[in-house]
Amino acid sequence: MLARFSWVLRSTQVYTPVVRSFLIVALAILAATPQDPAPPAPRPSFAEWLDGVRAEALTRGIRQEIVDEAFADITEPLPAVIERDRTQPETVLTLEDYLSRVVTERRIGSAGEMFVRHRGLLDQVSTRYAISPRIIVAAWGLESNFGQTSGNQPTIAALATLAWDPRRSTLFRRELFNALEILNHGDIELVNMRGSWAGAMGQPQFMPSSYLQYAQDFDGDGRRDIWSSPADVFASIANYLQAHRWTDGERWGREVRVSPEAAGRIAGEVDRRSGSCGARRNMTVALPMARWQELGVRLPGGRRLPTSTLDAALVSGESRRFLVYRNYEALLEYNCAHSYAISVGLIADSIR
């Protein structure tokens, strides 16, 4: 519009001097006024987007035959994957509802049985990585129900769907290329590369980036098989926790009682944490145990808190509260959700 108005002004002589002066001022105002931004370019079709992914994979050193095989049967995003991304149970359930569904007598019983069945192998892994066998079993049980439900979604198709979806496209595009790198290395065949709707793979439910960094070949067969080798599964979980500073011999946390009066004091006097992880923002800073005692926090039976040199942070649900120590941070690194981390801790504590 501005260009057309300027052309008319320059190309006609019918205006009086007064009108021309008015139009010149109007033209100057229009020139100084921000114009509407150009509409964003339309997104490419899924097929066009996949073509770009294929081309980039080749520049990253992924072999042509791997690229061809990986994308041969992918023609459109998977609607079920996007739906699951919007309804994750760790985010839509309260802490109490999640614990009641996950920390069940059946799962606790299975954890004890698996602990006994694999005790020799678990002890070997524990010795090498300094991680309690109980916490390994608990994480294994929560991630894949002790290897029974590790997911049946084709990993490449699931990651391509989430990389195409604009909500977290940057994150999942990286994971998609990491998954192609795993195929390129030969650790798993495409037909067996399956896992959760979010691209988490195998019995430990590792994202491809975690697999590349932490998966272990504990049985020494030359492949890091987190899909079917118990030795590699246990060692990979242990290696992940060790890398995230789990300290053997220390507790993860404990359930506590907080009265309404104590809750009011805590809300007014204790700061919340910061960070990119939502769970960390939804917990307090760590304080000495003596300070929590002063604030009115007690054990579930009303007894005084134990003496400890470890600082603890408070995690609160609607009715249940937990003081958590530095080992809890390693569990949040595995899955940054209080419902998940507390469930792992409670299941591990239940194994006798």
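Let's start inside a single helix: glutamate 294 and arginine 291 both sit in helix 17 (residues 289–295), three residues apart, which is about one turn of the helix. The two side chains form a salt bridge, with their closest N and O atoms 3.2 Å apart. Arginine 291 is partly exposed, at a relative accessible area of 25%. The pair also belongs to something wider, since Arg265, Glu269, Arg291 and Glu294 are linked in a network of salt bridges.

Before going further, a word on what you are looking at. This is a predicted model, and the protein chain averages a pLDDT of 90, with 87% of the residues scoring at least 70. Residues 1–15 are another matter: the pLDDT there is below 50, and beyond near neighbours in sequence this stretch has 16 contacts in the model. Where pLDDT is low, the predicted coordinates should not be read in detail.

Now for the overall picture. The secondary structure of the protein chain comes to 19 helices and six strands. Of the 352 residues in the protein chain, 45% are buried. If we take the contacts with a separation of 6 or more, residues 24 or more positions apart account for 67% of them.

Helix 11 is a good place to look at burial. Ten of its ten residues are buried, so the helix is largely enclosed by the rest of the structure. Among the buried residues are Ile156, Leu159, Leu162 and Trp164, and Thr155 and Thr161 are on the list too.

Just beyond that helix we meet another salt bridge. Arginine 167 pairs with aspartate 85, and the closest N and O atoms are 2.8 Å apart. This pair links distant parts of the chain: arginine 167 is in the loop between helix 11 (155–164) and helix 12 (169–185), while aspartate 85 is in helix 5 (residues 79–85), and the two are 82 residues apart. The surroundings of the partners can be read from their accessibility. Aspartate 85 has a relative accessibility of 4%, under the 20% cut-off, and therefore counts as buried. Arginine 167, at 43%, counts as partly exposed.

A further bridge joins arginine 326 to glutamate 250, with the closest N and O atoms 2.4 Å apart. Arginine 326 lies in the loop between strand 6 (321–324) and helix 18 (327–334), and glutamate 250 in the loop between helix 14 (230–243) and strand 3 (253–258), so this pair ties together parts that are 76 residues apart in sequence. Arginine 326 is partly exposed, with a relative accessible area of 48%. Glutamate 250 comes to 19%, and because the cut-off for buried is under 20%, it counts as buried. Over the whole model, the count comes to 17 salt bridges.

The strands flanking those loops bring us to the sheet. Four strands form an open sheet in the order 4-3-6-5, with antiparallel pairing. Strand 4 (297–298) and strand 5 (313–316) stand at the edges with a single partner strand each, so one side of each has no neighbour in the sheet. Strand 3 and strand 4 run antiparallel and are joined by two bridges. Here valine 258 stands opposite valine 297 in strand 4. Helix 15 lies across strand 3, strand 4 and strand 5, running at about 110 degrees to strand 3.

Which cysteines form a disulfide? A search of the whole structure finds one disulfide, and cysteine 277 and cysteine 336 form it, with their sulfur atoms 1.2 Å apart. The link is left-handed, with -55 degrees about the S-S bond. It also spans distant parts of the chain: cysteine 277 is in the loop between helix 15 (260–269) and helix 16 (278–281), cysteine 336 is in the loop between helix 18 and helix 19 (338–350), and 59 residues separate them. At 11% relative accessibility, cysteine 277 counts as buried, whereas cysteine 336, at 31%, counts as partly exposed.

Our last stop is helix 16, where arginine 281 is found. Arginine 281 counts as partly exposed, at 43% relative accessibility. Leaving aside residues up to four places away in sequence, arginine 281 touches Arg272, Arg273, Ser274, Gly275 and Ser276.

Methods:
Residues are numbered from 1 along each chain as its sequence is written. This is a predicted model: local features need pLDDT of at least 70, side-chain atom pairs count only at pLDDT 80 or more; totals for chains, interfaces and linings use all residues. Side-chain values use heavy atoms; hydrogens and water are left out. A salt bridge is a side-chain nitrogen of Lys or Arg within 4 Å of a carboxyl oxygen of Asp or Glu. Buried means under 20% relative accessible area, exposed over 50%, partly exposed in between (1.4 Å probe, protein chains only). A disulfide is a pair of cysteine sulfur atoms within 2.5 Å. Two strands pair if DSSP finds at least two bridges between them. Contact means heavy atoms within 4.5 Å. Axes are lines fitted to C-alpha atoms, for helices over the stretch in contact, and angles run from 0 to 180 degrees between N-to-C directions. pLDDT is the predictor's confidence in each residue, from 0 to 100.
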